[in-house]
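This report describes one structure for a reader who has not met it before. It goes through two sheets, an annotated site, a ligand shell, a helix and some backbone details.

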Amino acid sequence: SGKPVAIGIHDLALATSQHSLSLTDLADHYGIDPAKFSVGIGQDVMSVLAGDEDIVTMAADATARILERNGTDGIRTLLFATESGIDQSKSAGVYVHKLVGLPATVRVVELKQACYSATAALQFAVGLIARDPSQKVLVVASDVARYDLGSSGESTQGAAAAAMLVQADPAILEVENAAGVFTDDVMDFWRPNYRSTALVDGKGSIKAYLNAIGGAWEDYRAQGGAAFEDFAAICYHQPFTKMATKAHRHLAVLAGGNPTPAEVAADLDETMRYNRLIGNSYTASVYVALASLLEHHDGDLTGARIGLASYGSGSVAEFFGGVVQPGYRERLRGAEHAAMIERRTPLDHTAYEVLHKTTLPEDGREYRTARETTAPFRFAGMQAHQRLYETA
Ligand code: HMG
């Protein structure tokens, strides 16, 4: 009864890897112009996981920091979004549930649709909270983007997790009701069960992304969503930041505009800072972009409408808007995230290649990983076909 409750993102924490690789070093190794990556792809550095890190350790790191600040009261659901699943049956979220000490009275499930599923998770969370506004939902997105050495996708690798506390009366972003969606069965990017790296039709994937985001945008408008000029900023899924600029121009043209490359770059700059330094983080990427915008914007965005444009190959896209909440700046974690990006150890190309080629046994053999990460949680190895995790 009465006014419908505002529901959305109350807190947002990111985590990334122990190591990094400069794309200048990657360009040097292949003897190509570094501007191909810094300008052509729009990436400077990629996050590289240590041998004792995975999607669970990054997700637990980000989630633990959310719980440190907010406690566990009211949390009854954890939705884990990933396309780098570690088990065909058990949700990676159940490992996180234990590592961060959540109570038994929390339901946990994993969602998959390439890079899109964290957006589905956020919308499902909003639905649960609309039914019972006393409940809170953890939405956790965690992924590692891996392509073959020497492949065209190699420069677009990366890794990160984004954990969000979704609740009524959120402190950061109210999620608005209007949402546009678009699904089309295409083979632009996929990873069959027997592979650890993805297969990709690079050029086809760019077309598929633009087509799907355009479709989601048009559906958003048909659903009564806001006009293009009503958005203070739009955060796009960023497989590489140049892709976001292509998508932004595409939507601007659909909306009747014709922005110059400089205008597009200026519109998106603040949304791309973290992604330029992390690389593709698949499900987490659009929420990394949201953190990047809010944490790099000098002025006050209170009351501003922000667009979120989510894409997952295969393919599903969704466009929706959110309104920035009063006092949001006190909830941001800009210093924490800058330190996390800064403290990664840069690998030289040889060390990166060794790490990339080191595939952990996947035939059920028992092994222990060497201690490498300084993160709060680590993947310790396999025993009796079970993954072992440790708290540092
Ligand atoms: P490529 O063949 O290495 O690059 O592949 P290219 O030759 O097309 O060059 C890229 C850009 O750099 C071009 O600009 C060049 O002109 C420019 P554009 O025409 O695009 O504007 N360039 C230079 N610029 C300045 N100085 C230079 C220079 N040289 C060239 N010297 C490709 C690029 C993206 C295909 C490759 O990286 C790839 O396959 N990546 C993986 C797939 C991908 O990220 N696709 C994105 C859309 S699909 C998606 O987002 C979903 C995804 O996240 C997964 C999921 O949903 O699960 C991937």
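Two strands count as paired if DSSP finds at least two bridges between them. The model shown is predicted.

**A mixed sheet**

Strand β2, residues 19-22, pairs with β3 through four bridges, and the two run in the antiparallel sense. Within this pair, L21 stands opposite M46 of β3. The two strands belong to an open sheet of three strands, ordered β3-β2-β14, whose pairing is mixed. Its edge strands are β3 (45-48) and β14 (345-346), each of which pairs on one side only.

**The annotated site**

In the unreviewed UniProt entry, the annotation "active site" covers E83, C115 and H237. These residues span 155 residues in sequence, yet no two of their C-alpha atoms are more than 14.5 Å apart, so they gather at one spot.

E83 is found in the loop between β4 (75-81) and α4 (92-99). Is E83 buried or exposed? E83 is buried, because 26 other C-beta atoms lie within 10 Å, and a residue needs 20 or more to count as buried. Leaving aside neighbours within four places in sequence, the contacts of E83 are K112, A114, C115, D143, Y282 and T283.

H237 is located in the loop between β11 (233-236) and α7 (241-254). H237 counts as buried because it has 33 C-beta neighbours inside 10 Å. Again leaving aside neighbours within four places in sequence, H237 is in contact with C115, S285, V286, A309, S310 and Y311. C115 is thus a contact of E83 and also of H237.

**The ligand shell**

How many residues surround the ligand? There are 30, and the closest are G40, A114, C115, G202 and P239. C115, one of these closest residues, is also covered by the "active site" annotation in the UniProt entry. At least two residues of the shell come from each of α2 (35-41), α6 (202-222) and β12. Sorted by class, the shell has 14 nonpolar, 11 polar and five charged residues.

**Helix α8 and what follows it**

Helix α8, residues 261-278, has a kink of about 65° centred on D269. Its buried residues are L268, T271, M272, R273, Y274, N275, R276, L277 and I278. These buried residues pack against three strands and three helices by name: β3, β7 (158-168), β11, α7, α9 (285-296) and α10 (334-342). Among these partners, β3 is also an edge strand of the mixed sheet.

Just after α8, G279 takes a positive phi of about 90°. Further on, Y282 lies in the loop between α8 and α9. Y282, listed above as a contact of E83, has a positive phi as well, near 45°, in a residue other than glycine.

**Other backbone details**

D169 is another non-glycine residue with a positive phi, near 50°. It is found in the loop between β7 and β8 (173-183). The table sets D169 beside Y282.

| Residue | Phi | C-beta atoms within 10 Å | State |
|---|---|---|---|
| D169 | near 50° | 12 | exposed |
| Y282 | near 45° | 30 | buried |

Where does the peptide bond from G314 to S315 stand, cis or trans? The bond is cis, with omega near 5°. S315 lies in the loop between β12 (305-312) and β13 (316-324).

**An antiparallel sheet**

A second open sheet of three strands has the order β15-β16-β17, and its pairing is antiparallel. Here the edge strands are β15 (367-368) and β17 (386-391), each pairing on one side only. β15 and β16 run antiparallel and are joined by two bridges. In this pairing, Y367 has M382 of β16 as its bridge partner.

F379 is found in strand β16, residues 377-383. F379 counts as buried, because it has 24 C-beta neighbours inside 10 Å. Leaving aside neighbours within four places in sequence, F379 is in contact with D52, E53, D54, V56, T57, T369, R387 and Y389. How far is F379 from S310? The two are 69 residues apart in sequence and 30 Å apart in space, C-alpha to C-alpha. S310 is itself one of the contacts of H237.

How values were computed. Residues numbered from 1 in each chain as written. Predicted model: local features only at pLDDT ≥ 70, side-chain atom pairs only at ≥ 80, totals over all residues. UniProt positions renumbered as here; feature names shortened; annotations may be inferred. Contact = placed C-beta atoms within 7 Å. Bend = angle between axes of the 7 residues up to and from the residue. Near = placed C-beta within 6 Å. Nonpolar A, V, L, I, M, F, W, Y, C, P; charged D, E, K, R; others polar.
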